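Me: I'm new to this structure and would like a close look at one part of it. Could you walk me through it in a friendly way, and then show how that part fits with its surroundings?

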Amino acid sequence: MIYRRYESGDISAIRDILENDLGYNCEFDSLKNRVDEMMSRGNYQIFVACDGDKVIGYIGCVNYLAFELENEGMKIIALAVSKEYRRKGIGTQLLKTAEQWAKENNIEVVLLNSGLPREDSHTFYESQGYFKKSFGFIKRI
């Protein structure tokens, strides 16, 4: 497996994982525009896992400032691995790749949210040293 920074040609594979493996309906041009905007802002990072030339997983992160932190924090906003490659350590290595980048860039804390029904994901994150600290709330406006 190869773990590397996102390249613009990876967007089709990311869309396929979003739709086929996570069940999100995701229009290609809209996703591409969002990811292009993320990458232009400078505080987003995306890393991909590749089996040869095939992107089989990705992690997306954004750096942020917080009132309570001396240094920046990083929020994981996406982590997905194609179904056929799950339970092979790829998600773990994607997390480690993002965490290593965070350490190298003086990030103080890593935060993530995981949907309530995704109990397998909760178990995975806890096995990686993450702990439940709060509830997340959302309101569409």
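Is E84 buried or exposed? Please start there and work outwards.

Reply: Happy to! One thing to keep in mind is that this is a predicted model. E84 is exposed, with a relative accessible area of 52%; it is placed in that class because the cut-off for exposed is over 50%.

Now for the partner of E84. Its side chain meets that of K54 in a salt bridge, at 3.8 Å from N to O. E84 sits in the loop between β4 and α3, while K54 belongs to strand β3, so this pair ties together parts that are 30 residues apart in sequence. K54 itself counts as partly exposed, at 41% relative accessibility. As general background, side chains of opposite charge can pair when their charged atoms come close.

The loop that holds E84 has another charged link. R87, also in the loop between β4 and α3, is joined to distant D120 in helix α4 (residues 119-127), 33 residues apart. R87 and D120 form a salt bridge whose closest N and O atoms are 3.9 Å apart. R87 is exposed, with a relative accessible area of 77%, and D120 is exposed too, at 59%.

Let's follow K54 into its strand. β3 is mostly covered, with nine of its 11 residues buried. On one side, β3 runs antiparallel to β2, and eight bridges join the two. Within that pairing, F47 stands opposite I59 in β3. The hairpin of β2 and β3 has two residues between the strands, and G52 there takes a positive phi near 70 degrees. β3 also pairs with β4, again in the antiparallel sense, over eight bridges. Here G60 stands opposite A78 in β4.

These strands lead us inside. The largest nonpolar core has 19 residues, and I59, M74, I76 and I90 are those with the most contacts inside it. At least two residues of this core come from each of β2 (44-51), β3 (54-64), β4 (73-81) and α3 (90-104). The biggest share is from α3, which gives six residues. In soluble globular proteins, nonpolar side chains tend to be buried together.

I90 brings us back towards our starting loop. Leaving out residues up to four places away in sequence, I90 touches M1, Y3, A49, I56, V81 and Y85. Apart from the core that includes I90 lies another one, of 15 residues, with I11, L18, L31 and V35 among them.

β4, on the other end of our loop, also takes part in a pocket. The largest pocket has a volume of about 1,500 Å³. Of the 46 residues that line this pocket, L22, A78, L79, A80 and Y125 are the closest to its centre. You have already met A78, which G60 faces across the β3 and β4 pairing. Several elements give two or more residues to the lining: α1 (11-21), α2, β2, β3, β4, α3 and α4. Of these, β4 gives the most, with seven residues.

Helix α4, home of D120, has its own loop leading in. N113 is found in the loop between β5 (109-112) and α4, and N113 is exposed, with a relative accessible area of 52%. Setting aside neighbours within four places in sequence, N113 is in contact with K75 and I76, and I76 is one of the residues with the most contacts inside the largest core. The C-alpha atom of N113 is separated by 7.1 Å from that of G136, 23 residues away along the chain.

Finally, a word on the other charged pairs. The count of salt bridges comes to eight. One of them joins R41 and E37, with closest N and O atoms 3.0 Å apart. R41 and E37 are four residues apart in helix α2 (residues 28-41), so about one helical turn separates them. R41 is exposed, with a relative accessible area of 53%, whereas E37 counts as partly exposed at 40%. Elsewhere, R4, E7 and D10 are linked in a network of salt bridges.

To return to where you began: E84 is exposed, and its salt bridge with K54 ties the loop between β4 and α3 to strand β3.

Conventions
Residues numbered from 1 in each chain as written. Predicted model: local features only at pLDDT ≥ 70, side-chain atom pairs only at ≥ 80, totals over all residues. Heavy atoms only, no water. Core = buried A, V, L, I, M, F, W, Y, C linked by side-chain atoms within 4.5 Å. Buried < 20%, exposed > 50% of the residue type's maximum accessible area, 1.4 Å probe, protein only. Contact = heavy atoms within 4.5 Å. Pairing = 2+ DSSP bridges. Salt bridge = Lys/Arg side-chain N within 4 Å of Asp/Glu carboxyl O. 1 Å grid on protein atoms, 1.4 Å probe; cavity = no way out; pocket = protein on both sides within 12 Å on 5 of 7 lines; lining within 4 Å. Points joined across faces, edges and corners; volume = space filled by probe spheres on them.
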